[in-house]
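Here is a short tour for anyone meeting this structure for the first time. Have a look at the sequence and the model, then read on.

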Amino acid sequence: MTIERLQTGARMSRIVKHNGTVYLCGQVCADAQKDIKEQTQTMLDKVELLLNEAGSSKEHMLSATIYVKSMEYFADMNAVWDAWVPEGHAPARACVEAKMARDVLLVEISVVAALKA
């Protein structure tokens, strides 16, 4: 079995492909000074770009783990998520409250997806 790593640095790869599956490293927003809705949208935009680069898409997501700084952001994050996920293609998902790497970050996501056939 071949493992393909893309955008690899000393600490991590942003994309790992193995056995028809794509694994993305944790993604955060483009601008941490924005509110939860904007942070969520730009985070998901980054996920979509990485999935496309890997030969997958948001329609092929298998699972997503979402970390929110506080559950007070849960409803607003979900509003953006629900608009972004294609109808009928919701992945298995977990959402947990977590301490973020930087205090200004409100949300982070890790995604696993299938490659397009």
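What covers the buried residues of H2? The cover includes H1, E4, E5 and E6. Keep in mind as you look around that this is a predicted model.

**Helix H2 and its two sides**

Let's stay with that helix for a moment. Met77, Asn78, Val80, Trp81 and Trp84 are the buried residues in H2. They sit on the same side of H2, because the arc they cover around the axis is only 165°. Turn to the other side of H2 and you'll find Ala75, Asp82 and Ala83, which are exposed.

Two of those buried residues deserve a second look. The structure holds one aromatic pair. Its members are Trp81 and Trp84, with ring centres 5.7 Å apart and planes at 40°, so the pair counts as tilted. Both tryptophans, Trp81 and Trp84, belong to helix H2 (residues 74–84), where they are three residues apart, or about one turn of the helix. Trp81 and Trp84 are both buried, too.

**The sheet**

Now for the strands. There are six of them in an open sheet, running in the order E1-E2-E3-E6-E4-E5, and the pairing is mixed. At the edges are E1 and strand E5 (92–97), each of which pairs on one side only. On average, neighbouring strands of this sheet are turned by 10° against each other, if you ignore direction.

Helix H1 (residues 36–54) packs on the sheet. H1 touches E1, E2, E3, strand E4 (61–68) and strand E6 (107–114), and its direction makes about 25° with that of E6.

How many residues does the hairpin use to join E1 to E2? It gets there through four residues. E1 and E2 run antiparallel, and five bridges join them. If you'd like to trace some of these, Arg5 has Val16 as its bridge partner in E2, while the partner of Ile3 in E2 is His18.

**Two residues with an unusual backbone angle**

Most residues other than glycine have a negative phi. Here are two that go the other way. Gln7 has a positive phi although it is not a glycine, and Asn19 is likewise a residue other than glycine with a positive value. Here they are together:

| Residue | Phi | Where | Relative accessibility |
|---|---|---|---|
| Gln7 | about 55° | strand E1 (residues 3–8) | 37%, partly exposed |
| Asn19 | near 55° | loop between strand E2 (13–18) and strand E3 (21–24) | 53%, exposed |

Why is Gln7 called partly exposed? Its relative accessibility is 37%, and that label covers values between the 20% and 50% cut-offs. Asn19 counts as exposed because its relative accessibility is 53%, and the exposed label starts over 50%.

**A serine in a loop**

One last stop: Ser57, which is found in the loop between H1 and E4. Is Ser57 buried or exposed? Ser57 counts as buried, because its relative accessibility is 5%.

The side chain of Ser57 makes polar contacts with two other side chains: that of Glu59, at 3.0 Å, and that of His60, at 2.7 Å. Leaving aside residues up to four places away in sequence, Ser57 touches Leu51, Asn52 and Lys116.

Conventions: Residues numbered from 1 in each chain as written. Predicted model: local features only at pLDDT ≥ 70, side-chain atom pairs only at ≥ 80, totals over all residues. Heavy atoms only, no water. Helix = DSSP H or I, 4+ residues; strand = E, 2+ residues; numbered from the N terminus. Buried < 20%, exposed > 50% of the residue type's maximum accessible area, 1.4 Å probe, protein only. Phe/Tyr/Trp six-rings, centres within 6.5 Å; stacked < 30°, edge-to-face > 60°. Pairing = 2+ DSSP bridges. Axes fitted to C-alpha atoms, helices over the stretch in contact; angles between N-to-C directions. Contact = heavy atoms within 4.5 Å. Arc of directions from axis to C-beta. Polar contact = N/O pair within 3.5 Å; in protein donor to acceptor, adjacent residues only side chain to side chain.
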